[in-house]
Amino acid sequence: MTDTLTGTYDLDTTHSTIGFTVRHAMVTKVRGSFNDFQATLTVNQENPADSKVEATVETGSVDTRNADRDAHLRNEDFFDTDKYPQMTFTSTSFDVDASGNGTVTGDLTIKGTTKPVTLDVETFGTEVDPYGNTRVGFEARTTINRKDFGIDFEAPLNSGGALVGEKIAIEIDGSGIKSA
């Protein structure tokens, strides 16, 4: 393992996932992911406040392994991908230790609404792969309320609950390749 995280990394989309989990019908969960995204992470271990991350996710790439549900998620009830083809995240602060563990706070924009979110981050270090690329591995997690971002689809159940839960768990499993 290499001894420094400092540098700029591009998220390797073939070895990373941006996923989500939401309660469905109050009794189970639906998991999904986005297949088209890009992100750049600049890490400064000496001064973590100078670190930053910028990410863009194509909302039309949503994938829950069900074509009908994915089509519904793309329409106006949820992501409205024709009007809002991307969601973005731009960091505003890093509170991480020398190993890259801690929190990253930033502005998440979905459907034209921007709200601050904080991600819990665990970094697994860096390693040079067999092709000579320096990689960083990490996980980041947060939970948002979909209604805060204008995703207010409601389908009430007889029990008084809703077909789709309000809380969305976001899970990022990342592998970045050092570019600078």
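Which residue of strand 9 does V104 stand opposite? In this predicted model, V104 stands opposite L119 in strand 9, and following that pairing outward is a convenient way to read the part of the chain described here.

Strand 8 and strand 9, the latter covering residues 113-128, pair in the antiparallel sense over nine bridges. The two strands form a hairpin with two residues between them, and in that turn K111 has a positive phi of about 55°.

On its other pairing, strand 8, which covers residues 102-110, is joined to strand 7, residues 86-96, by eight bridges, and these two strands also run antiparallel. Here the hairpin has five residues between its strands, with G100 in the turn taking a positive phi of about 90°. Within this pairing F94 stands opposite V104 in strand 8, so that V104 faces F94 according to the one pairing and L119 according to the other, as the DSSP bridges define strand pairing.

Beside F94, the place of S93 is also in strand 7. Leaving aside its neighbours within four places in sequence, S93 is in contact with T103, V104 and T105, and V104 is thus a residue that appears again in this description. With a relative accessibility of 34%, S93 counts as partly exposed, because the buried class is kept for values under 20% and the exposed class for values over 50%. A further distance can be given for S93: D107 is 14 residues away in sequence, and the two C-alpha atoms are 10.0 Å apart in space.

Strand 9 also contains G125. Its relative accessibility is 17%, and G125 therefore counts as buried, since that value is under 20%. Although G125 and E46 are separated by 79 residues in sequence, their C-alpha atoms are 16 Å apart in space.

A last stop lies outside these hairpins, at S61, which is found in the loop between strand 5, residues 52-58, and strand 6, residues 62-63. Is S61 buried or exposed? S61 is buried, because its relative accessible area of 12% is under 20%. A polar atom of the S61 side chain lies 2.7 Å from the backbone oxygen of E58. When neighbours within four places in sequence are left aside, the residues in contact with S61 are S33, F34, N35 and D36.

Definitions and conventions
Residues numbered from 1 in each chain as written. Predicted model: local features only at pLDDT ≥ 70, side-chain atom pairs only at ≥ 80, totals over all residues. Heavy atoms only, no water. Helix = DSSP H or I, 4+ residues; strand = E, 2+ residues; numbered from the N terminus. Buried < 20%, exposed > 50% of the residue type's maximum accessible area, 1.4 Å probe, protein only. Polar contact = N/O pair within 3.5 Å; in protein donor to acceptor, adjacent residues only side chain to side chain. Contact = heavy atoms within 4.5 Å.
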